Every structure is written in C-alpha cells, then in structure tokens.
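Colleague: Please take a close look at one part, the place where the two chains meet. Explain it step by step, in plain words that a first-year student can follow.

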Amino acid sequence: MRHDRLVLILLWRELVAGLRATRRRDLAWIALGGGGLLAYAIADIVVALHAAGPKLRHDQLLWTLGLPITFAVLGCLAGNAMSRLCLSRAFAPFLKALPLASAERRRMAEVGAFALGLPLTLVFATAVGFACVVIGKPLAPAWGLGAATLFALSFGTAAFWRLRRPRLLVDAAASEATPVGRPWLRRLDRARPSWLSSWAWKLPAGHIRASWKLAAASLLLGVAAILGAWVSLAGRTAGPAAVAGLAGGILVFMLSLRCQPLGSPVLRTAPIGFTRVWLRLVRLPLQLSLAFFLLPAGAALAAEPSAWSVPVASGLWLLVLNGAYAVFGAYFLNAPFVAMLSFAGALAYAGYETLEYGRTVLIGLAALAFFLWHRTRQRYRNG
Amino acid sequence: MAEVLTVKELTAGYRGRIVVRGIDLSLHRGDMVGLLGANGSGKSTFIRAITGQIPLIGGSVAIDDIDLAAAPERAKAGFGLAIEPHELPAPLSGRQYIELVASIRGCAPNDLPSGDLLERLDLGRWIDRPIAEYSLGTRAKIAIVAALLGRPPLLIFDETLNGLDPVAAWEVKRVITALCASGRHAAIVSTHVVEAVPALCNRAVLMAEGSLSRSWDAAQLAEAGRAPGVFEESVMRALRMRAAA
C-alpha cells in the first residue's frame with residue numbers, strides 16, 4: 001500500500017525538525033551530559049548487579065514471577081504508548097481532508113507501531129541477556145530471548161487493543177453534546193486568573209464530564225484511603241495510614257496537575273508573571289491532594305495519638321514532593337506522562353544513590369528542581 | 001503627545017537566527033499604523049518581539065515608557081493583543097475566556113469600549129459555548145473583544161481582522177477608529193488587505209526581509225487613498241524595488 005510508511009515518515013521528519021530547531025550548544029549538552037549520565041548509570045547498574053549476582057541467580061520468585069510480570073507490564077506500557085503515538089499521526093488534523101479511509105489510517109498506525117516495536121524488543125532482549133551474563137545466570141541468551149518474546153507479546157496485545165478501539169477513530173469531542181447550565185467548578189476556579197484550572201484540565205466550558213476513568217480513579221483512591229485508615233486503626237499504629245496518605249496524596253497531585261496554559265500566548269502576553277500563574281495552576285491539585293491526605297492522616301492520629309509526628313512528617317513530605325512535582329509538571333508542560341516518569345525516575349535514582357552517599361544526594365534533587373523551575377520561568381518570559 | 005510604543009534598533013528572531021533587524025518605530029496616542037509586508041517579511045516576528053513572546057537579540061521595546069525587558073508584567077499591561085485564533089484556549093467558553101483575561105488585567109469583564117460590543121459582533125449565541133466549537137471568524141471576534149478589554153493604550157491586531165465577516169469587520173474598524181480618534185489609544189493593524197489601509201489607518205509601514213523598507217505618514221496615506229488603486233500601486237512598487245535591490 002502506498003501510504004503504509006506515512007506515519008513513520010511523519011515521525012522521522014518531526015525528529016529531524018526537532019533536532020534542527022535545537023541549538024548546537026543544547027544538543028552538545030544533551031549528548032555529552034546525557035551520554036555521560038547514561039554511561040555512569042549503566043556502569044553503576046553493572047557493578048550493583050555483579051555484587052548481587054549470587055543472590056539474584058537463586059531468587060526463584062524473581063525469575064518465575066517478578067521479572068515475567070515486569071516484562072509484560074513494560075511491554076504493555078510501550079505498546080500502548082507507541083500505538084497512541086502512531087494513531088495520533090495517522091489521524092492528524094492535517095490529514096483529515098485527504099482521501100484516506102479509517103482502515104487505511106489504522107493500517108498506517110499498525111505499520112508504524114510494528115516498526116517502532118521491533119528495535120525496542122531488540123534493545124530489551126540485549127539488555128536482559130547482558131544483565132544475565134553480568135550476574136552469571138546460565139543460558140543468558142535464552143533468557144534474553146524469552147524476555148523479548150514476553151515483551152513483544154504484551155507490546156503486540158496492548159498495541160492491538162489500542163489500535164482497534166473505535167473511540168480513537170472519530171472525533172469524540174465533536175460528537176458529544178455541548179454542556180449547558182452553570183459549571184459547578186465556578187466557585188473553586190474563580191481566583192485570578194479565573195478559569196485557569198478548567199482550561200488546564202480541558203473541561204468543556206468548565207463542565208466536568210462523568211467518565212469511567214474518573215470513576216475508576218476515584219474508587220481506587222477512595223478504597224486505598226479507607227484501607228490505609230482501617231489497617232492503622234485495627235493495628236493501633238500510625239504508619240500504614242500515614243504512608244497511604246503520602247502515596248495517595250502525591251498520586252492525586254500528579255494525576256490532577258496540568259500546566260499546558262503556561263505555554264500559551266494568552267498568558268505570556270498578559271500582565272501576569274510566571275510565579276503567579278504557576279502557583280495558581282498548582283492550587284487546585286494541591287487542595288485535592290491535601291483533601292485526600294486528611295482521611296488517612298486523621299486515622300493515623302486517631303490510631304496512635306502519641307505518634308503525632310508521623311502524620312505531620314508525612315504531610316510535610318507530601319508538600320515537598322508536591323512542590324517538586326509541580327516543577328517537573330511545569331517543565332514538561334505538554335507531556336504530563338513524561339513529567340510523571342521523569343519525576344518517578346529522579347526520585348528512584350535519588351533514593352538509590354542516597355543508600356550509597358547519604359542524604360546529600362537530596363541536595364542534588366533540590367538543585368535539579370530549582371534548575372528546571374528557572375528554565376521554565378525563562379521559557380515563559382522569553383519563549 | 002506621549003509615545004505609546006517606542007521601538008529602538010530592534011533585532012529579534014528564533015534560536016539565534018535573526019528574522020527582523022534594526023527596526024525603529026514609535027507610536028503616539030492617536031496613531032493607527034497599518035503594518036504591511038509579504039509572507040515571511042517578519043511582521044508576525046516583529047509583533048511577537050514587541051509583545052514579549054520572543055527574546056530580543058538587540059535593541060529595546062518600551063510600552064507607555066515602560067521597558068518590556070526590564071518590567072515585562074507592567075509593560076504588558078499597556079497593550080491588548082488579539083491572539084491568533086488557533087491559540088485561544090479551546091476548552092473554555094467565550095465568556096470564560098473574557099473573564100480570564102479580565103481577571104488578569106484587573107478590570108471588569110464588561111469593561112469594553114462599547115457596552116453592546118458582543119451583540120454588535122453577533123457573539124451572543126456563541127458566548128457560552130466552548131471556543132473549540134467556534135468558526136475561524138468567531139474565534140477572531142472573541143480574540144478582538146479580549147484585546148479591547150480594559151481599554152489598554154496600545155491595541156495590536158496581527159491579521160486578526162482578515163477573518164471577520166463584513167458586518168463584524170465594519171464594527172471592529174469603527175470601534176478601533178473611535179478609540180484612536182479619542183487620542184488616548186494607538187493601534188497596530190497587520191494586514192494583507194492593502195487597499196483597506198488608507199481608509200482605516202493614518203500611518204503605514206512596509207516590512208520586507210525583516211526590516212522596515214518604507215513608511216507613509218498621514219498626508220501621504222490620505223493622498224494615496226484619494227484614488228482607487230494608488231496606494232496598492234505604491235506598495236507594489238516599493239516591494240518590486242526592494243526585490244530588485
């Protein structure tokens with residue numbers, strides 16, 4: 001078919017255009033800094049794997065359950081992300097007027113997802129095989145092949161599921177009825193600048209639409225809060241509820257923070273500074289996060305009143321983590337998923353290095369957050 | 001009269017690539033300047049530079065005597081820019097967008113040059129619907145209304161008037177002309193509709209290859225506008241001379 005490779009061509013052109021638009025100095029920083037960091041991370045992981053080799057080789061639970069589940073989850077995530085990327089290009093607005101049938105566009109997306117999945121699977125197989133060699137696991141190539149098979153299967157299943165969903169093949173927003181009446185978010189969203197959160201959350205005319213995703217997320221978070229509180233109250237210990245409050249609170253904040261208005265000329269040409277807009281965007285997600293935190297924190301306090309410092313410390317950490325994520329969210333303003341991954345990665349890495357170098361690593365994390373905040377502010381002011 | 005906009009030796013571009021260079025321009029209250037130029041001549045880059053959307057590589061911009069680089073928030077309070085239609089916040093309704101801009105500018109959402117402007121622009125039936133549902137012309141109307149909110153001293157329209165229907169275009173021109181005629185405001189109207197400039201503006205400048213290649217003062221513009229086609233011919237001649245040079 002003539003158009004089969006169109007999605008790949010579009011993605012390639014976008015990559016080339018992105019590289020050309022990046023200043024050479026920035027490219028050099030990314031290549032040298034990123035390359036150096038990657039080399040250090042690989043070396044660090046190899047050393048850690050080598051040291052833990054004997055223990056890892058004989059961990060039956062890890063090889064029979066932990067790793068297969070991890071490979072499958074990674075495959076699902078990658079398949080979902082790649083097929084979404086390809087679908088968005090195949091159904092790009094500028095292609096709407098072209099005489100391409102939906103089936104043809106879907107086929108273009110399938111070809112694109114397959115072409116992107118193949119090198120990913122190869123990289124995955126090589127990484128797993130290499131890790132097995134490092135820890136001295138017998139039949140390392142077979143493990144690499146098995147991991148790649150599992151990854152490819154879950155990648156293919158997720159991609160197939162995503163590419164077959166008809167909801168993505170039509171403009172869902174256009175087919176929905178226009179909301180009527182006064183939006184109830186009005187009271188919460190009228191601080192200066194008004195309606196900023198409705199805009200950030202892409203609520204049509206400020207109306208919240210019920211969806212299974214919203215219902216499922218609310219249900220899961222509610223159950224988690226109640227479970228955490230119940231475990232604490234039953235065991236008369238503050239720990240579980242405080243941890244549930246902290247983990248759930250940061251999750252609520254990450255899921256609800258959207259910062260794409262920071263990139264809009266509507267705000268950038270208006271007489272309002274970056275900090276004010278940023279704080280305004282953070283405001284409602286922070287309120288939601290603290291609202292979630294209150295139930296488990298209250299349960300923790302009730303379960304063990306003498307350990308009041310545990311929920312207090314948990315609340316303070318929640319504020320710190322929310323603040324740090326708010327910086328990542330603003331920096332990756334158009335890609336909240338990338339912001340979440342980067343933040344989780346930075347936290348995990350800081351946690352890992354803290355074991356080796358102590359809490360001084362946290363200064364590095366704080367410096368990173370400050371640097372990102374400064375760059376985001378500069379971008380808001382100067383484009 | 002006090003200068004509303006002072007541009008000195010402006011050089012600007014994208015990622016170190018210079019697009020406009022060495023531009024000097026000053027606008028006084030009452031001025032209504034038509035900004036002309038071919039595609040890619042640098043009109044939009046110039047407007048982005050004077051509205052603080054891209055950094056200046058050289059020179060300075062002052063709005064109402066406030067330096068844009070030194071005090072961006074205060075300087076930005078001095079102009080109203082009609083945002084390009086595709087850059088409007090699509091999920092919000094027209095009314096919410098106006099409330100958002102009004103809350104930023106610290107004025108009432110109905111602080112407009114004319115109390116019935118929304119009706120005159122036929123926005124009444126669209127105002128509570130999401131902007132995503134608007135046509136290009138309706139988006140342009142709401143962008144213009146937002147630019148007029150709070151009656152800032154400098155009004156900037158980057159080809160926004162081009163997408164309007166005849167009635168709305170006439171209404172908007174009437175409002176802008178009245179504001180500039182009051183002597184309290186000035187306007188920059190970037191447009192490709194060359195023949196409309198003598199009737200609408202009292203000054204015009206032509207941009208070519210990133211710099212100002214010619215300008216017309218009020219008398220020259222009035223003279224050129226006396227007979228049909230004279231101003232267009234004069235613009236085309238300037239463009240041809242520039243191309244030949």
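Modeller: Between chain B and chain A there are zero salt bridges. Polar contacts do occur: eight residue pairs link chain B and chain A in this way, with both residues of a pair at pLDDT 80 or more. That cut-off applies to side-chain atom pairs in general here, as the model is a predicted one.

Next, the secondary structure on the chain B side. Helix H2 (72-76), strand S6 (79-82) and helix H3 (94-105) of chain B are the elements that each give two or more residues to the side touching chain A. Of the elements, H3(B) gives the most, with seven residues.

Now the extent of the contact. Chain B puts in 30 residues, and chain A also puts in 30 residues. Together the two chains bury about 2600 Å², and 61% of this area is on carbon and sulfur atoms. On the chain B side, Pro91(B), Gln96(B) and Ile104(B) supply 23% of the area buried against chain A. No other three residues of chain B supply more.

One residue is worth following by itself. Glu99(B) sits in helix H3 of chain B. Is Glu99(B) buried or exposed? Its relative accessible area is 16%. Glu99(B) is classed as buried because this value is under the 20% cut-off. What does Glu99(B) touch, leaving aside its neighbours within four places in sequence? On chain A, Glu99(B) is in contact with Arg186(A), Ser194(A) and Trp195(A); on its own chain, Glu99(B) is in contact with Pro109(B). Arg186(A) is thus in contact with Glu99(B), yet the count of salt bridges between the chains is zero. A salt bridge requires a side-chain nitrogen of Lys or Arg within 4 Å of a carboxyl oxygen of Asp or Glu, whereas a contact requires heavy atoms within 4.5 Å.

Last, a word on the nonpolar interior. The largest nonpolar core has 123 residues. Members from both chains, Leu262(A), Tyr325(A), Phe46(B) and Phe231(B), touch the most other members of this core. Apart from it lies another core of 12 residues, which includes Cys86(A), Leu87(A), Ala159(A) and Leu163(A).

To sum up, the contact between chain B and chain A has eight residue pairs in polar contact and zero salt bridges, and H3(B) gives the most residues on the chain B side.

Key. Residues numbered from 1 in each chain as written. Chains lettered and ligands numbered in written order. Predicted model: local features only at pLDDT ≥ 70, side-chain atom pairs only at ≥ 80, totals over all residues. Heavy atoms only, no water. Core = buried A, V, L, I, M, F, W, Y, C linked by side-chain atoms within 4.5 Å. Buried < 20%, exposed > 50% of the residue type's maximum accessible area, 1.4 Å probe, protein only. Buried area = accessible area lost by both parts, 1.4 Å probe. Polar contact = N/O pair within 3.5 Å; in protein donor to acceptor, adjacent residues only side chain to side chain. Helix = DSSP H or I, 4+ residues; strand = E, 2+ residues; numbered from the N terminus.
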